[in-house]
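Here's a walk through one model, taken piece by piece. Keep the viewer open and follow along.

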Amino acid sequence: MSTAGFNSQNGTGTGQAYANGPSQNPVALQQLPGVNYGMSHQPTYNPMQAKAPVPPGPGLYPVGPYQPVPPVSPYQPGPPLSSYQAPPGQPLLTRPQMAGPPSHTPPQSASPSPGPRLPPAQATPPPPAVSSSSYYQSPQQPQPMAPTWQYNTAPPPMGPPTSMNTPPRGLPANHVNPAASSTAPLPPMSSASYNSAPPASLSHSATQPPGPRMPPTSLHGYIQPGAAPQPMNPMVPNTYQPNRAPYGPPPTGPPPTMKPTSPPTGPPMANATPPPPKADAQCGWVVNSPLSPTEPDCQEEDIECPEPVAGNGPQAPNSYNHVDNKMAGPPQPGPPGRHLGHYPSLPPGYQNPPAPHNATPPMHPAMQAATQPYTQAPQPYQQPPVGPGPAQLSPSLAAMSLQSSTPEALRVVNLLQERNLLPPSPIPAPTPCLPQDLQKINCNPEVFRSTLTSIPQTQSLLNKAKLPLGLLLHPFKDLSQLPVVTSSTIVRCRSCRTYINPFVSFLDQRRWKCNLCYRVNDVPEEFMYNPVSRSYGEPHKRPEVQNATIEFIAPSEYMLRPPQPAVYLFILDVSHNAVETGYLNVFCQSLLDNINALPGDSRTKVGFITFDSTIHFYNLQEGLSQPQMLIVSDIEDIFLPTPDSLLVNLNECKELVQDLLKSLPTLFEKTMETQSALGSALQAAFKLLSPTGGRMSVFQTQLPNLGVGALQSREDPNQRASAKDIQYLSPATDFYKKLALDCSGQQVAVDLFLLSSQYCDLASLGCISRYSAGSVYYYPSYHHQHNPAQVECFQKDLKRYLTRKIGFEAVMRIRCTKGLSIHTFHGNFFVRSTDLLSLPNVNPDAGFAVQMSIEENLDDMQTVSFQAALLYTSSKGERRIRVHTLCLPVVNSLSDIFAGADVQAITGLLACMAVDRSVTASLSDARDAMTNASIDSLSSYRQSVLTIQQPGLLAPACLRLFPLFILALLKQKAFRTGTSTRLDDRVFAMCQLKYQPLAYSLLMIHPALYRIDDLTDEGALNINERTIPQPRLLQLSVEKLSREAAFLMDAGTVMYLWIGRNCNPTFLSQVLGVPSYAAVPDNLYLLPELDTAESQRTRAFIGWLRDQRPFFPSLHIIRDESQRKASFLQNMIEDRTESALSYYEFLLHVQQQISK
């Protein structure tokens, strides 16, 4: 079978065979008869539509003869944009952009790929041409389409044209992967010991089996969330208690050990890739892959390959290729918009009622909203021995629907009248409206979060709400409490391979029903024993069924070879430019300080390569008296001079490694070599790591200008502020992307540290990390003397990077209940099949996002579930599987959908989509689509939910911050126009939005502002005997500043401490240690450690904020005269600038568009 479908999706043209990945499962590639997937698919609303007709781009899989794949952009894999055609006789109307007339993007070329050709009757038509200024279409009234995203559809289809009235064939719900592993009976299990850290309040997802339908449940009967629950409940006697010693027989095996988890880390990069056609790869089929040395057919392939299914209907070969922007009816001409900027510069006075909020004790003011747990700690999930799940749920849900009070989430807010909408402390994540027993054990939103906590029954209902449906994941997050299970039996559904979880149904003691595909499975004999109560016959009390997040230590059948060792290879730029920055001293000292803390075991290996115009290798073989440098000057045909002694065992050769690190900074201190052969150095590193896999850490300080992968400067500094559409957001060459895909196939990830004051073309270099599941760190204007704040950041980030936990040769699969499907991923990875991500390395600071659509109506379901399974090798050589499951209710009314909207998750997903749109179309298209996102959702709320029409701009309380967050995105470094922004800075901001977990990216979108010259202990937190003050969050407007005060702005990666001209002298002396305002130094970036109460409070608060994230934000103390004051003021989202609207003007624009 051809692999071109995968090659085109991920942008690979050619590449080496994937030797180390999960193996190809022959049975997985067959179409299996049986379970019928409904193919009815509602056309979906597309908020990101192209401005001009755009043929399918290089990430699609059209049917037809293979043609070479052209080079693709770094974010190419996102679904290509399509467009709509106005009905005959109707003119195309467009909603104008935020500023200036729309610009048109030339069509992109498609790269067809081979694959099973659809019969003409099934072929899906290409999208007709359309105007691109609208969001979703609504079937009732025609209105013109603005540039918007396709929230909830799969990528566009290919094939001979057919009638637009023919419903496209949707992809079968990905919850069933009809590939096969053996159906042999499970072997008897002899041992089951549990090693565990305390269980976390994490989440699992599940759907109840079909059964008698409940009456429609209205979330108007929402149980009010009230104050945030405590993170943990007291342990209930029958709950799994991971800290207890193992109980007596029957289990045998090693004694339980604590499995600690480590804390979180630094900023990385991202990409979005639509999955390839399901018929081409059912079960993690690897591109050009021979049998994996690591994983047999029964893993992820082992972990994820389904066993033979008793029947799955035929699969549409190109089922994911239906049109990105399908129409449920004629396009809806809406009124043409008007350009922005014609509003009064001073907003009329707002009314100032007290800000509505559900005040909760602040935990982390800037990020608590993104990380507030849904519920308390795991409680025993008591299920009656008989009876299907939905029947059990019915009384609880029905009782909820009897409550008639309107939930707080649906309280109507007039945005034009309520000025102080920002709550004084962060809003917690919305709590899904589930029965209490399920709610208590649902997945922690820090790990697994949905944009909608109430899932619509149908795609048409979702389209009508005009809100995006997607998931945000932080799958390898450091968790202080993680149950770890060692068992010779890992219980999974024999059909769809879902892991048993808290949301399955036990029909009796011997049978359980899968909550994703509803197959009834037998309970294995070993699973009948409960080690907690030392009793037999209580499978529903096992830890696997009590915890929504759990980690398994995989048995031997989950590997074909010994797990790979931890291998670390460092590639260092030693050109004259690099030596001038002084980074080499910091790197060598940091590695010396942390060399004993590198994750690994007795097999850990390390190696070093340095480069300028030549490549330098270092022989560190045991027995040498000192390291030996080997220079290869033939960079066009790179080779390894002594392949066996360049990667050495760290424990055996530690002294030689330390000698090398001490001598490296002086070795090149007098170099005058200015050229950089980065491409050749990466090729050499790839050759060195290919046999084992591992991690490359690349340190680069300039534009590569020699040999393969050489680049030229593409930035014109004079165009930084004036250009309306930013050029060169896509890579200049596909060299780095192709090399990344080769690395991914050999289980090698590449992390890039860019330390430069000059343009380095991060859009091109970033591909090496994006497609190999690596990270990107960027330190603009790095210099050891001129920029000490950056040096401090680099030191702290490097320590975290070297010592944080790491997973090798990982794969992640996301499953969902039958009827739902996944169509686009965002993050750093390679998409190996429709729902399988290849992650050569996985780190605890990487986030992912997924867009979803509803393929089949969910009429007979009360809940749906999502499960993410991450299979990886730990640094100690253990094969492990971490499983998260999330359960959400299904609703059938628009008001319930809006009541469950998670405005922060929606903003995070829209940011990922806008990055893709900026690269594949244009920045102005992305900006328009984000604006239209807020217009369309509030318009839908006004038309379809509000029963009494009132004047003003009305929003439900849960979405009251949506326009503010959209405006913040428009002013964010990634998307702003009219302000001088360096191209690398902009690209790095885009990388962070795609790769950072939601909690961290929200601060980069909407910073937090606090007044800190009057901190008190009132309402303070007490953590580890430290008192942490909790000042109120303030609106981002200059009107909140005062010359008599001092304010701290936390913008995620940077903090600003602004000192007012007439600031209280007590604060200046007690906190800054200066006698007066004039004495504040210009480049102050450290707070002095003074023995005063004010100093201790201020340092405790700033230190606490820094501790909440894995990267180290620098602190800049600024006065009115400081150069950095402009950066500080640019983050004042609510104020007007020369090139951007104020918040009030933006609200007027949104209201004007809605009222047309």
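## Helix α23 and what it leans on

The buried residues of α23 pack against two other helices, α16 (923-944) and α17 (962-970). Helix α23 itself covers residues 1143-1155, and eleven of its 13 residues are buried, so to speak mostly covered. Among the buried ones are Tyr 1143, Tyr 1144, Phe 1146, Leu 1147, Leu 1148, Val 1150 and Ile 1154. Polar names turn up in that buried set too, including Glu 1145, His 1149, Gln 1152 and Gln 1153.

The length of α23 works out as well: at 1.5 Å a residue, its 13 residues should span 18 Å, and the end C-alpha atoms are 18 Å apart, which agrees.

## How far to trust it

This is a predicted model, so a look at the confidence is in order. The protein chain averages a pLDDT of 74, with 64% of the residues scoring at least 70. Over residues 50-146 the pLDDT is below 50, and this stretch has 370 contacts in the model beyond near neighbours in sequence.

Residues 153-404 are another such stretch, with pLDDT staying under 50. The model has 987 contacts for residues 153-404 beyond four places in sequence.

## Strand β13, boxed in

Is strand β13 buried or exposed? Seven of the seven residues of β13 (residues 567-573) are buried, so the strand is largely enclosed by the rest of the structure. Side chains in a regular strand alternate between the two faces of the sheet. In β13, Val 567, Leu 569, Ile 571 and Asp 573 point one way, while Tyr 568, Phe 570 and Leu 572 point the other way, and all are buried.

β13 has strand partners to match. With β14 (residues 605-611) it pairs in the parallel sense over seven bridges, and Leu 569 stands opposite Gly 607 there. Five bridges join β13 to β18 (residues 694-700), again running parallel; here Phe 570 stands opposite Ser 697.

## Two nonpolar cores

The largest nonpolar core has 181 residues, and those with the most contacts inside it are Ile 615, Met 696, Phe 866 and Phe 975. Helix α15 (residues 903-920) gives the most to this core, contributing eleven residues. There is also a second, separate core of 43 residues, which includes Val 586, Leu 592, Tyr 618 and Phe 753.

## A four-stranded sheet

Further along the chain, look for an open sheet of four strands in the order β29-β32-β33-β34, with mixed pairing. β29 (1008-1011) and β34 (1114-1118) stand at the edges with a single partner strand each, so one side of each is left without a neighbour in the sheet. Neighbouring strands are turned by 15° against each other on average, direction ignored.

Strand β33 (residues 1054-1059) runs parallel to β34, joined by five bridges, and Met 1055 stands opposite Leu 1115 in β34. Helix α20 (residues 1065-1072) packs on this sheet, touching β32 (1046-1050), β33 and β34. The direction of α20 makes about 140° with that of β33.

## Arg 1026

Arg 1026 sits in strand β31 (residues 1026-1028). With a relative accessible area of 34%, Arg 1026 is partly exposed.

Which residues does Arg 1026 contact, leaving aside its neighbours within four places in sequence? They are Leu 1021, Ala 1100 and Asp 1107. Arg 1026 and Phe 1101 are 75 residues apart in sequence and 9.8 Å apart in space, C-alpha to C-alpha.

Technical notes: Residues are numbered from 1 along each chain as its sequence is written. This is a predicted model: local features need pLDDT of at least 70, side-chain atom pairs count only at pLDDT 80 or more; totals for chains, interfaces and linings use all residues. Side-chain values use heavy atoms; hydrogens and water are left out. A nonpolar core is a set of buried Ala, Val, Leu, Ile, Met, Phe, Trp, Tyr and Cys residues joined through side-chain atoms within 4.5 Å. Buried means under 20% relative accessible area, exposed over 50%, partly exposed in between (1.4 Å probe, protein chains only). Two strands pair if DSSP finds at least two bridges between them. Axes are lines fitted to C-alpha atoms, for helices over the stretch in contact, and angles run from 0 to 180 degrees between N-to-C directions. Contact means heavy atoms within 4.5 Å. pLDDT is the predictor's confidence in each residue, from 0 to 100. The expected span of a helix is 1.5 Å times one less than its number of residues.
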